Amino acid sequence: MALEMRDKILLGSAALLAFGVISGGYLLGDGLKRAKAADRSVTVRGLAEKDVTADLATWSISYSATGFDLPTVRAEIDNNTKELQGYFSGLGFKPADLTPTGAGVNQYLNNGVNTITITQRMLLRTTDIARAQKAVAQQFDLVRRGVTLQEGSGMKYSFTKLNDVKPDMVAAATRDARAAEQFAKDSGAGVGGIKSATQGYFSIDARDGEGGDGSSDTPYKKVRVVTTVDFYLK
């Protein structure tokens, strides 16, 4: 009798254990299924572009004079500086727009003759982009005035108001990324909320491929940003 009772207890325990395993397996499987469903998402990229015009122009100008005695060379460089100032003044620039940034003196022997070269560096800085373009277009007038610019002297255009356009461009790129909704509909799914979003790097390049390095040789620029967005799928 005792043996029969013990067998019944063991059978009951085994049944409870089996039920627990089955229930646990069901709950685990259901939990994994729900977790997998919650993790369904689609990653898309949205692009925003904006044409802008530079708001700052800087022209690093270098010129030199060479001779055999210091007073003569210095007088020539001083005259070149006056001609340069007169050129920019004639175009309507203010005296404060043109500032000296340094000078150098090089003394050496050339075929046994003492030779002196003085190099002067000036910087034009202006927010008048149209006037800056005119100065570049007419720079041959400096040659007529006896001022020969050294290689590397060139106008650079910068767009300094990037922070002013960032919010609208990020919003536009995110709206562009919403194109995922149509993609998901075509796939038989729906797009839910944003799971995560990453703002890309803002780039400023020459508009329409103008300019040498693509960013500084032309005042006409294009700002671009790409936003990566993960959307939940319903």
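Here's a quick tour of the fold, its main sheet, the helices on it and the cores.

What you're looking at is a predicted model. The protein chain has six helices and eight strands, and 30% of its 234 residues count as buried. The part to look at first is an open sheet of four strands, with helices H2 and H3 lying across some of its strands.

**Overall layout**

- Starting at the N terminus, the elements go α-β-β-α-β-β-α-α-β-α-α-β-β-β.
- Take the contacts between residues at least 6 apart in sequence: 76% of them join residues at least 24 apart.
- The protein chain exposes about 14600 Å², and carbon and sulfur atoms supply 55% of that area.

**The four-stranded sheet**

- The strand order is E3-E4-E2-E5, and the pairing is antiparallel.
- Strands E3 (98–110) and E5 (154–158) sit at the edges with a single partner strand each, so one side of each has no neighbour in the sheet.
- On average, neighbouring strands here are turned by 15° against each other, ignoring direction.
- In the pairing of E2 (residues 56–67) with E4 (residues 113–126), 11 bridges hold the antiparallel strands together.
- If you want a landmark for that pairing, Gly67 stands opposite Ile116 in E4.
- As general background, strands of a sheet pair through backbone hydrogen bonds, in either a parallel or an antiparallel way.

**Helices across the sheet**

- Helix H2 (residues 70–90) lies across E2, E3 and E4, and runs at about 150° to E2.
- Helix H3 (residues 129–137) lies across E2, E4 and E5, and runs at about 160° to E5.
- Which residues of H3 are buried? They are Ile129, Ala132 and Ala135.
- Those three cover an arc of only 115° around the axis, so they end up on the same side of H3.
- The buried residues of H3 pack against E2, H2, E4 and E5.
- Flip to the face of H3 turned away from that buried side and you'll find the exposed residues Ala130 and Ala137.

**Nonpolar cores**

- The largest nonpolar core has 25 residues, and Ile61, Leu84 and Phe88 touch the most other members.
- E2, H2, E4, H3 and E5 each put at least two residues into this core.
- Apart from this core lies another one, of 10 residues, including Val165, Ala173, Phe202 and Val223.
- Such grouping fits a general tendency: in soluble globular proteins, nonpolar side chains tend to be buried together.

**Residues worth clicking on**

- Beyond its neighbours within four places in sequence, Ile61 is in contact with Leu84, Phe88, Leu98, Gln120, Arg121, Met122, Leu149 and Ser153.
- Ser62 lies in strand E2. Is Ser62 buried or exposed? With a relative accessible area of 12%, Ser62 falls under the 20% cut-off, so it counts as buried.
- Again leaving aside neighbours within four places in sequence, Ser62 is in contact with Gln120, Arg121, Thr148, Leu149, Gln150 and Ser153.
- Ala172 is found in helix H5 (residues 162–177). Its relative accessibility is 24%, so Ala172 counts as partly exposed.
- Ala172 and Ala48 are 124 residues apart in sequence, yet their C-alpha atoms are 5.8 Å apart in space.

Key: Residues are numbered from 1 along each chain as its sequence is written. This is a predicted model: local features need pLDDT of at least 70, side-chain atom pairs count only at pLDDT 80 or more; totals for chains, interfaces and linings use all residues. Side-chain values use heavy atoms; hydrogens and water are left out. Two strands pair if DSSP finds at least two bridges between them. Axes are lines fitted to C-alpha atoms, for helices over the stretch in contact, and angles run from 0 to 180 degrees between N-to-C directions. Contact means heavy atoms within 4.5 Å. Buried means under 20% relative accessible area, exposed over 50%, partly exposed in between (1.4 Å probe, protein chains only). Accessible areas come from the Shrake-Rupley method with a 1.4 Å probe; for residues, only the protein chains shown count as cover. The arc is that of the directions from the helix axis to the C-beta atoms. A nonpolar core is a set of buried Ala, Val, Leu, Ile, Met, Phe, Trp, Tyr and Cys residues joined through side-chain atoms within 4.5 Å.
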